[in-house]
Amino acid sequence: MRVFVVLSCLLVLACEAQKPHPCRTPPLMTGDFTVSTQNEKLQEFAKYIYDGLGQRIRLLQMGTYDNKTFTYDVLLLFKQGVMFEIDDKAQTCQKKPLQGSFVPWQIPQNASFVAQSVLGTSSQPGAGLLINSWYGTDSKSGVKYFSTVTEYACVPVSSAIHIDKFGWILITFFNNVIGITDPQKLNPPAFCPKSNTHLKEEPVDLITLLMNKR
């Protein structure tokens with residue numbers, strides 16, 4: 001009887017070990033993503049640099065909104081609560097207040113596991129990617145999400161989020177690299193203003209930036 005109980009406990013522990021658990025994306029990442037909306041007004045491509053340790057994000061965005069093209073280069077410094085809108089070619093830079101606290105790229109602990117699947121195929125070595133899908137509602141903002149990350153390293157693959165004033169927003173990641181190839185891009189250029197004279201403007205948040213609603 002004792003042997004049966006021990007074997008049962010080991011089996012439960014083995015199953016728990018194999019079940020995917022919420023995870024956090026590597027703190028230093030570089031890559032690309034696209035953004036599209038349910039109402040088809042926005043189509044966006046962006047290059048990103050993500051520093052989860054220093055709470056800094058650099059975004060180079062280009063796309064169309066309401067059939068109008070746009071390009072933006074922004075540096076978000078969450079610890080300082082500021083955003084820099086940068087134009088390297090013209091050597092101009094606007095400093096604006098940044099709204100909201102930094103949220104690490106992760107699968108929250110209260111997320112519900114949906115399924116584990118293979119992106120591509122598992123019938124040939126190297127032809128498939130093992131991914132985990134999760135869904136939930138953010139406890140603070142009430143935002144609904146459906147996110148997919150890789151089983152190994154928790155690299156983001158895609159995320160669909162629902163915000164009342166925007167509807168469903170789909171973000172798809174690719175060309176991800178663990179690490180930062182050019183750390184200098186996470187610092188404001190020398191031609192950016194040092195004073196806080198521009199911080200009297202209306203604060204901007206990350207979702208607003210992604211939606212090109214400056």
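## The sheet

Eleven strands form an open sheet in the order E6-E5-E4-E3-E2-E1-E11-E10-E9-E8-E7, and their pairing is antiparallel. Its edge strands are E6 (92-97) and E7 (112-120), each of which pairs on one side only. From one strand to the next, the twist averages 20°. These values come from a predicted model.

The protein as a whole has two helices and eleven strands. Read from the N terminus, its elements run α-β-β-β-β-β-β-β-β-β-β-β-α. Of the protein's 214 residues, 37% count as buried.

## Strands E2 to E5

Strand E2 (residues 42-51) pairs with strand E3 (residues 56-65) in the antiparallel sense, over ten bridges. Within this pairing, Phe 45 has Met 62 in E3 as its bridge partner. On to the next pair: E3 and E4 are also joined in the antiparallel sense over ten bridges, and here Arg 58 has Leu 75 in E4 as its bridge partner. The hairpin of E3 and E4 has two residues between the strands, and Asp 66 takes a positive phi near 55° in it.

E4 and E5 pair in the antiparallel sense over four bridges. Val 74 stands opposite Glu 85 in E5. The hairpin that E4 and E5 form has four residues between the strands, and Gly 81 in its turn has a positive phi of about 70°. In a regular strand, side chains alternate between the two faces of the sheet.

## Salt bridges

A search of the whole structure finds five salt bridges. Side chains of opposite charge can pair when their charged atoms come close. One of the five joins the side chains of Asp 51 and Arg 56, with an N to O distance of 2.8 Å. Asp 51 counts as buried because its relative accessible area is 4%, under the 20% limit. Arg 56 has 22% relative accessibility and therefore counts as partly exposed.

Another salt bridge brings together the side chains of Arg 58 and Asp 73, at 2.7 Å from N to O. This pair links distant parts of the chain: Arg 58 lies in strand E3 and Asp 73 in strand E4 (residues 68-77), 15 residues apart. Arg 58 and Asp 73 are both buried.

## The network around Arg 58

Which residue forms a salt bridge with Arg 58 at 3.9 Å between the closest N and O atoms? The partner is Asp 88. Here too the pair links distant parts of the chain, with Arg 58 in strand E3 and Asp 88 in the loop between strand E5 (82-87) and E6, 30 residues apart. Arg 58 counts as buried because its relative accessibility is 7%. Asp 88 has a relative accessible area of 39%, so this residue is partly exposed. Through salt bridges that share partners, Arg 58, Asp 73 and Asp 88 are joined into one network.

Arg 58 thus appears in two settings: as the bridge partner of Leu 75 in the pairing with E4, and as a member of the salt-bridge network with Asp 73 and Asp 88.

## Aromatic rings

How many aromatic pairs does the model contain? The count comes to eleven aromatic pairs, with ring centres within 6.5 Å as the criterion. Ring pairs link Phe 33, Tyr 48, Tyr 50, Phe 78, Phe 102, Trp 105 and Phe 173 into a cluster.

## Surface patch and Leu 119

Val 114, Tyr 135 and Phe 146 form a nonpolar patch on the surface. Together the three residues have about 270 Å² of accessible area. Phe 146 belongs to strand E9 (residues 144-150). Its relative accessibility is 35%, so Phe 146 counts as partly exposed.

Leu 119 is located in strand E7, one of the two edge strands. Is Leu 119 buried or partly exposed? Leu 119 is partly exposed, because its relative accessible area is 45%. Leu 119 and Leu 129 are ten residues apart along the chain, and their C-alpha atoms are separated by 4.9 Å.

Methods: Residues numbered from 1 in each chain as written. Predicted model: local features only at pLDDT ≥ 70, side-chain atom pairs only at ≥ 80, totals over all residues. Heavy atoms only, no water. Pairing = 2+ DSSP bridges. Axes fitted to C-alpha atoms, helices over the stretch in contact; angles between N-to-C directions. Phe/Tyr/Trp six-rings, centres within 6.5 Å; stacked < 30°, edge-to-face > 60°. Patch = residues over 30% accessible without salt bridge, like charges linked within 9 Å, V, L, I, M, F, W, Y side chains within 5 Å. Areas by Shrake-Rupley, 256 points an atom, 1.4 Å probe, with all protein chains shown as cover. Salt bridge = Lys/Arg side-chain N within 4 Å of Asp/Glu carboxyl O. Buried < 20%, exposed > 50% of the residue type's maximum accessible area, 1.4 Å probe, protein only.
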